[in-house]
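Here is a friendly walk through one protein fold, from its sheet and helices to the spaces between them. Have your viewer open and follow along.

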Amino acid sequence: MRLVLDTNIVASGLLWDGTPARIIDSAQAGAIEIYTSRILLAELTRILKRAKFAKVVAASGLGIEGLVLGYAELALIVEPLPIPPTIIADPDDDHVLACALAAQADLIVSGDKHLLDLGAFQNIEIITAAKYVEQIAK
């Protein structure tokens, strides 16, 4: 299965145990393929630099660079083409959609309301991490 994880899911999965971490563990085990782009990796770096994550990033022992590089090595990096503006309220979300198109993803996993409200993009379903884990448990 080919997945694109929104950066909020990636950050959660890298920093804490829980449902997003289970998805990253599945990729590490080779059960799924995760795709990302340079733009999404840059966004991940910006997110991890937020003060509210400083303690948990430090506790990881990897630092921001180590976390991002580790994820970049796990994921397959694609070069998305620009797409027409789709998420008007948050144009950065369009990068997730463009990445999913370039990756020919089966699913986008996100906790972002704008993406979840869209529900699907060009036949690529957009679901929460909890729904994804529930589906694979069946």
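In this predicted model, helix α6 lies across β1, β2 (33–37), β3, β4, β5 and β6 (124–127). Its direction makes an angle of about 165° with β1. An angle over 145° counts as roughly antiparallel, so α6 and β1 fall in that class.

**The sheet**

The strands under α6 are a good place to begin. They form an open sheet of 6 strands in the order β3-β2-β1-β4-β6-β5, and the pairing is mixed. At the edges sit β3 (76–78) and β5 (120–121), each of which pairs on one side only. As a general reminder, strands of a sheet pair through backbone hydrogen bonds, either parallel or antiparallel.

Let us move through the pairings, starting from β1. Strand β1 (residues 2–5) and β2 run parallel, joined by 3 bridges. On the β4 side, β1 pairs with residues 107–109, again in the parallel sense and over 3 bridges. Which residues stand across from Val4 in these two neighbours? In β2 the bridge partner of Val4 is Tyr35, while in β4 Val4 stands opposite Ile108. Leu3 of the β1 stretch has Leu107 as its bridge partner in β4.

Further along the sheet, β4 and β6 are also paired in the parallel sense, with 3 bridges. Here Val109 stands opposite Ile127 in β6. The pairing of β5 with β6 is antiparallel and rests on 2 bridges. Ala120 has Glu125 as its bridge partner in β6. The hairpin of β5 and β6 has 2 residues between the strands, and Gln122 takes a positive phi near 45° there.

**Two helices that pack**

Now look at the start of the chain, at helix α1 (residues 7–15) and helix α2 (residues 19–28). Two packed helices are described by the angle between their axes and the distance between the axes. For α1 and α2 the angle is about 85°, and the axes are 7 Å apart. The range from 65 to 115 degrees counts as roughly perpendicular, and therefore α1 and α2 are described that way.

Which residues make the contact? From α1 come Ile9, Val10, Ser12, Gly13 and Leu14, and they meet Pro20, Ala21 and Ile24 in α2. Sorted by class, this contact has 6 nonpolar and 2 polar residues, with no charged ones.

**Pockets and a cavity**

If you are thinking about grids and probes, this part is for you. The table sets out the spaces with their volumes and the classes of their linings.

| Space | Volume | Nonpolar | Polar | Charged |
|---|---|---|---|---|
| Largest pocket | about 240 Å³ | 4 residues | 3 residues | 8 residues |
| Second largest pocket | about 190 Å³ | 7 residues | 2 residues | 3 residues |
| Largest cavity | about 30 Å³ | 6 residues | 2 residues | no residues |

The largest pocket is lined by 15 residues, and those nearest its centre are Thr7, Asn8, Glu43, Ile47 and Arg50. Helices α1 and α3 (38–48) each supply at least two residues of this lining. Which helix gives the most to the lining of the largest pocket? That is α1, with 4 residues.

The second largest pocket draws on other parts of the chain, with a lining that includes Ser37, Arg38 and Ile39, the stretch from Val78 to Ile83, and Asp94, His95 and Ala98. Both α3 and α6 (93–103) supply at least two residues each to the lining of the second largest pocket. The largest share, 3 residues, comes from α6, the helix that lies across the sheet strands listed above.

The structure holds 1 cavity of 30 Å³ or more. What lines the largest cavity? The residues are Leu5, Thr7, Val10, Thr36, Leu40, Leu41, Leu44 and Tyr71. Helices α1 and α3 each provide at least two residues of the cavity lining, and α3 gives the most, with 3 residues.

Some residues turn up in more than one place. Thr7 lies among the residues nearest the centre of the largest pocket, and Thr7 also lines the largest cavity. Val10 takes part in the contact of α1 with α2, and Val10 is one of the residues lining the largest cavity.

Technical notes
Residues are numbered from 1 along each chain as its sequence is written. This is a predicted model: local features need pLDDT of at least 70, side-chain atom pairs count only at pLDDT 80 or more; totals for chains, interfaces and linings use all residues. Side-chain values use heavy atoms; hydrogens and water are left out. Axes are lines fitted to C-alpha atoms, for helices over the stretch in contact, and angles run from 0 to 180 degrees between N-to-C directions. Angles under 35 degrees count as roughly parallel, over 145 as roughly antiparallel, 65 to 115 as roughly perpendicular and the rest as oblique. Contact means heavy atoms within 4.5 Å. Ala, Val, Leu, Ile, Met, Phe, Trp, Tyr, Cys and Pro count as nonpolar, Asp, Glu, Lys and Arg as charged, and the others, Gly among them, as polar. On a 1 Å grid over the protein atoms alone, a cavity is a set of points where a 1.4 Å probe fits but cannot get out, and a pocket is an open set with protein on both sides within 12 Å along at least five of seven lines; lining residues have an atom within 4 Å of a point. Grid points are joined across faces, edges and corners, and a volume is the space filled by probe spheres set on the points. Two strands pair if DSSP finds at least two bridges between them.
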